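Biologist: I would like a close look at a single part of this model. Please take me through it step by step.

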Amino acid sequence: MRFTAAVHQEEDWFVAQCFELDVASQGESPDAALANLHEAVELYLEAVPQRAVKASRSSGPPDV
């Protein structure tokens, strides 16, 4: 599966968000925030039934 991620800075931290799954994480650099987001998405996908993920992707924003 392919998801969209966005990274923005909040004070000293970078926040990475996956809009389709409504999952976010943070890190001290953009790369660290994305790596942490990748792990958070993997854990989310293990916990949520796949049909729920497909339903949320169909109503989310397009890939950028």
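In which sense do strand 1 (residues 5–10) and strand 2 (residues 13–18) pair, and over how many bridges?

Modeller: They pair in the antiparallel sense, over six bridges. Strands pair if DSSP finds at least two bridges between them. This is a predicted model, in which local features need pLDDT of at least 70 and side-chain atom pairs need 80 or more, while totals for chains, interfaces and linings use all residues. Residues are numbered from 1 along each chain as its sequence is written, and side-chain values use heavy atoms, with hydrogens and water left out.

Start with the overall layout. The protein chain has two helices and three strands. Along the sequence they follow the pattern β-β-β-α-α. Both kinds of element are DSSP runs numbered from the N terminus: helices are H or I with at least four residues, strands are E with at least two.

Now the sheet. Three strands build an open sheet in the order 1-2-3, with antiparallel pairing. Strand 1 and strand 3 are at the edges, and each has a single partner strand, so one side of each has no neighbour in the sheet. On average, neighbouring strands are turned by 25° against each other, direction ignored. Such angles run from 0 to 180 degrees between N-to-C directions of axes, which are lines fitted to C-alpha atoms, for helices over the stretch in contact.

Follow strand 1 into strand 2. The two form a hairpin with two residues between them. At its end, Glu 10 has Trp 13 of strand 2 as its bridge partner. Glu 11 sits in the loop between these strands. Its phi is positive, about 55°, although Glu 11 is not a glycine. Most residues other than glycine have a negative phi. Glu 11 is exposed, with a relative accessible area of 76%. Exposed means over 50%, buried under 20%, and partly exposed in between (1.4 Å probe, protein chains only).

Go on to the other side of strand 2. Five bridges join strand 2 to strand 3 (residues 23–27), and these two also run antiparallel. Three of the pairs can be read off in turn. Phe 14 has Gly 27 as its bridge partner. Ala 16 is matched with Ser 25 in strand 3. Cys 18 stands opposite Val 23.

The turn of this second hairpin has four residues between the strands. Two residues of the loop between strand 2 and strand 3 deserve a look. One of them is Glu 20. Glu 20 is buried, with a relative accessible area of 5%. The other is Asp 22, also placed in that loop. Asp 22 is exposed at 73%. Its phi is near 55°, a positive value in a residue other than glycine.

Strand 3 shows two faces. Val 23, Ser 25 and Gly 27 form the covered one. Ala 24 and Gln 26 form the uncovered one.

Next comes the helix. Helix 1 (30–47) lies across strand 1, strand 2 and strand 3. It runs at about 145° to strand 3. Ala 33 gives a local view of its surroundings. Apart from neighbours within four places in sequence, Ala 33 touches Phe 14, Val 15, Ala 16, Ser 25, Gln 26 and Gly 27. Contact means heavy atoms within 4.5 Å.

Several of these residues meet again in the largest nonpolar core, which has eight residues in all. They are Phe 14, Ala 16, Cys 18, Leu 21, Val 23, Ala 33, Leu 37 and Val 41. Strand 2 and helix 1 are the elements that give two or more residues to this core. A nonpolar core is a set of buried Ala, Val, Leu, Ile, Met, Phe, Trp, Tyr and Cys residues joined through side-chain atoms within 4.5 Å.

Finally, step back to the whole chain. Buried residues make up 23% of its 64 residues. Take the contacts between residues at least 6 apart in sequence: 29% of them join residues at least 24 apart.
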